[in-house]
Amino acid sequence: MAKGRKVTFYSPTFKKGEQEAASASITIHVGSGDVEGIMQVVAEKGGIWNEKRTLFIPYPCAFIEIEDVKEKDDFADLL
């Protein structure tokens, strides 16, 4: 049984100056599994900020990935 879900929001690709094209992503842990609620809030706010408020991905974003998480260690990258 899953212990929660990870929702990752991806930006469209972008290019800054002469750098190669890149994209950004923000991943959040949804312990209760209420992915639809999280997506609704992001849509209503027009996007999502990272924790430090240094990165903003506007909604609709390029891609949203939803993953079931079975092990607590799968969230280590979010700490």
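Let me start with Asn50 and its contacts: apart from neighbours within four places in sequence, Asn50 touches Ile26 and Leu55. The model is a predicted one. Asn50 sits in the loop that runs between β3 (47-49) and β4 (56-58). Within that region, a polar atom of the Asn50 side chain lies 2.8 Å from the backbone nitrogen of Thr54.

Another residue of the loop between β3 and β4 is Arg53. Arg53 is not a glycine, yet its phi is positive, at about 60°. With a relative accessible area of 54%, Arg53 is exposed.

I turn now to the residue that precedes this loop, Trp49, which belongs to strand β3. Which residues does Trp49 contact, once neighbours within four places in sequence are left aside? They are Ile26, Thr54, Leu55 and Phe56. As for Ile26, its C-alpha lies 7.9 Å from that of Trp49, and the two residues are 23 apart in sequence.

This brings me to the aromatic residues. A pair of aromatic rings is described by the distance of the centres and the angle of the planes. How many aromatic pairs does the model contain? The count is two. In one of them, Tyr10 and Phe63, the ring centres are 5.6 Å apart and the planes stand at 50°, so the pair is classed as tilted. Tyr10 is part of strand β1 (residues 4-10) and Phe63 is part of strand β5 (residues 63-69), so this pair ties together parts that are 53 residues apart in sequence. Are these two residues buried, partly exposed or exposed? Tyr10 is partly exposed, at 24% relative accessibility. Phe63 is also partly exposed, at 48% relative accessibility.

Trp49 and Phe56 form an aromatic pair as well, with 5.0 Å from centre to centre and 55° between the planes, and this pair is tilted. The relative accessible area of Trp49 is 37%, which places Trp49 among the partly exposed residues. Phe56 is likewise partly exposed, with a relative accessible area of 34%.

Let me now set these details within the chain. One helix and five strands make up its regular elements. Read from the N terminus, their order is β-β-α-β-β-β. Of the contacts in the chain with a separation of 6 or more, 58% are accounted for by residues 24 or more positions apart. Of the 79 residues, 24% count as buried. The accessible surface of the chain is about 5,900 Å², and carbon and sulfur atoms hold 50% of that surface.

The helix deserves a closer description. In α1 (residues 35-45), which residues are buried? They are Val35, Gly37 and Val42. Viewed down the axis of α1, these buried residues fall within an arc of 165°, so they line one face of the helix. The cover over the buried residues of α1 includes β1, β2 (25-30), β3 and β5. On the face turned away from the buried side, α1 carries the exposed residues Glu36 and Glu44. Just after the helix, Gly46 adopts a positive phi of about 85°.

I come next to the interior. In soluble globular proteins, nonpolar side chains tend to be buried together. Here the largest nonpolar core has nine residues: Val7, Phe9, Ile26, Val30, Val35, Val42, Ile48, Ile57 and Cys61. To this core, β1, β2 and α1 each contribute at least two residues.

Ile48, a member of that core, offers a useful view of its surroundings. Apart from neighbours within four places in sequence, Ile48 is in contact with Phe9, Ile26, Ile28, Val42, Leu55, Phe56 and Ile57. Of these partners, Phe56 is the residue whose ring pairs with that of Trp49, and Leu55 is also a contact of Asn50. Ile26 is in contact with Asn50 too, and Ile26 belongs to the nonpolar core.

One backbone feature remains. Where is the cis peptide bond? This bond joins Tyr59 and Pro60, with omega at about 5°. Pro60 lies in the loop between β4 and β5.

To close, I return to the region around Asn50. The loop between β3 and β4 holds Asn50 and also Arg53, with its positive phi. The pair of Trp49 and Phe56 is tilted, and Trp49 shares a contact to Ile26 with Asn50.

How values were computed
Residues numbered from 1 in each chain as written. Predicted model: local features only at pLDDT ≥ 70, side-chain atom pairs only at ≥ 80, totals over all residues. Heavy atoms only, no water. Phe/Tyr/Trp six-rings, centres within 6.5 Å; stacked < 30°, edge-to-face > 60°. Helix = DSSP H or I, 4+ residues; strand = E, 2+ residues; numbered from the N terminus. Buried < 20%, exposed > 50% of the residue type's maximum accessible area, 1.4 Å probe, protein only. Polar contact = N/O pair within 3.5 Å; in protein donor to acceptor, adjacent residues only side chain to side chain. Contact = heavy atoms within 4.5 Å. Areas by Shrake-Rupley, 256 points an atom, 1.4 Å probe, with all protein chains shown as cover. Arc of directions from axis to C-beta. Core = buried A, V, L, I, M, F, W, Y, C linked by side-chain atoms within 4.5 Å.
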